[in-house]
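Let's take a walk through this model together, from its annotated domains down to single side chains. Have the viewer ready and follow along.

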Amino acid sequence: MTDAATSHTELVSGLIGDRADAWDLAGELPRDLLVELGASGVLCAQVGAEHGGAGLDSRAGGELTAAVGARCSSLRSVMTSQGMAAWTVRRLGGAEQWSTFLPRLTSGELAAVGFSEPGAGSDLAAMETEIADDGTHVVVTGRKVWITAAHYADLLVVFGKYRGGAAAVVVPAQAPGVSVTRVPDPLGCRAAGHADITLDAVRVPTGHVLGGTGLPLPLATTAALTYGRMSVAWGCVGILRACLDAAATHTATREQSGRKLAEHQLVARHLAELYVAERHATRACEHASASWDTGSPEMAVHAVHAKYVASREAAEGAARAVQLLASAAASDGHVVARAYRDAKLMEVIEGTSEICQLVLAQHMRKKVQA
């Protein structure tokens, strides 16, 4: 890990301390914490130094994400949202938009990215949000659901139909016509600020449309989703590390029938499988990050692979940890109970496991046909 990544990890560890369970129970992260982390560069650490970011590569940024994910998946979810917003600006926007929006995202303003709609979850082609030209402005109309960090956001990066294709537009969360409604009682990542967004003829300057032209929907969405999948995958590595640490500590200290739990063969099997899961997920993420950092043409599919493997291993690994700790981890306020709920959501967000399987299968079909 680079010196910058290490210093950021130490900062986050100190700020989180032992408060993650309380945040989860309350369903709220302290806004001053998010602003501080945003201004320190933690929330979108791969933004370059020329725009106020830490300029971490994918591998270093991933290890930072895993460190945060091990402590608080809700905070890691906000990191994913902020990073996706910054990456979307970088990939779809122009130089003037980079200079306008990226420094805002590295100086304490918070962002959320709006994809999903009531009728467009896995099938983003069914998206109905409209971005319509109106002179020097565009008018944004539509509804987004289950948008991570929208409850905290100052800026909303909204995807919609535009000029016969698709685009992303940066919408101030306080603009007239924007309504943000908190999702009540989410299963996991309870403090991540999930919310529904209604956009009722919201007017913003045309300069807020990233790129300024209608793009093919897959091109527009893949740019952001690839970053999000990488971030979720590394966050799942963090979940597995937290579960492995808790399970190893518990089974090494708890006795049953006159022996340490870890000395019982069936318990040892669960512990070994949890270790293998963490290693498997880590290696998949390292491979995907290497593809990202070298500009591999297969970067997007490697991100899907990492997200699929890591989220599956995290969900299964968290279940193993619950089994190993039993009643000790069977109530809210315990890191393993939180991991069990959070990990399940990781198999759904940024492309369900089934969607990931379809993408990977399609990739193999194309390779054979080539």
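Is Tyr 227 buried or exposed? Tyr 227 is buried, with a relative accessible area of 10% (buried means under 20%, exposed over 50% and partly exposed in between, using a 1.4 Å probe and protein chains only). Before going further, keep in mind that this is a predicted model, where local features need pLDDT of at least 70, side-chain atom pairs count only at pLDDT 80 or more, and totals for chains, interfaces and linings use all residues. Residues are numbered from 1 along each chain as its sequence is written, and side-chain values use heavy atoms, with hydrogens and water left out.

Now for the rings. Rings of Phe, Tyr and Trp (for Trp, its six-membered ring) pair if their centres lie within 6.5 Å; planes under 30 degrees apart count as stacked, over 60 as edge-to-face and the rest as tilted. By that rule there are four aromatic pairs. In one of them, the ring centres of Trp 87 and Trp 292 are 4.7 Å apart with planes at 45°, so this pair is tilted. It ties together distant parts of the chain, with Trp 87 in helix α5 (residues 73-92) and Trp 292 in helix α8, 205 residues apart. Helices here are DSSP runs of H or I with at least four residues, strands are E runs of at least two, and both are numbered from the N terminus.

Trp 292 is buried too, at a relative accessible area of 11%. Its ring also meets that of Tyr 227: the centres are 6.0 Å apart and the planes sit at 70°, so this pair is edge-to-face. Here the link runs from Tyr 227 in helix α7 (residues 217-253) to Trp 292 in helix α8, 65 residues apart. Put together, Trp 87, Tyr 227 and Trp 292 form one aromatic cluster.

Next door in sequence, Ser 291 also belongs to helix α8 (residues 265-294). Ser 291 is buried, at 6% relative accessible area. Leaving aside residues up to four places away in sequence, Ser 291 touches Ser 296, Met 299 and His 302 (contact means heavy atoms within 4.5 Å).

Back to helix α5: 18 of its 20 residues are buried, so α5 is largely enclosed by the rest of the structure. Its end C-alpha atoms are 28 Å apart, which agrees with the 28 Å expected for 20 residues at 1.5 Å a residue (the expected span is 1.5 Å times one less than the number of residues).

What about the annotated regions? An unreviewed UniProt entry places "domain: Acyl-CoA dehydrogenase/oxidase N-terminal" at residues 16-109, a span that is 66% helix and 0% strand. The annotation "domain: Acyl-CoA oxidase/dehydrogenase middle", also from an unreviewed UniProt entry, covers residues 112-202, and that span is 0% helix and 53% strand. UniProt positions follow the numbering used here, feature names are shortened, and annotations may be inferred rather than shown by experiment.

For the strands, look at β7 (residues 195-205), which runs antiparallel to β3 (residues 137-147) and is joined to it by eight bridges. Two strands pair if DSSP finds at least two bridges between them. Strand β6 (residues 178-182) also pairs with β7 in the antiparallel sense, over five bridges. Leu 199 in β7 stands opposite Gly 142, and Leu 199 is the bridge partner of Val 178 as well.
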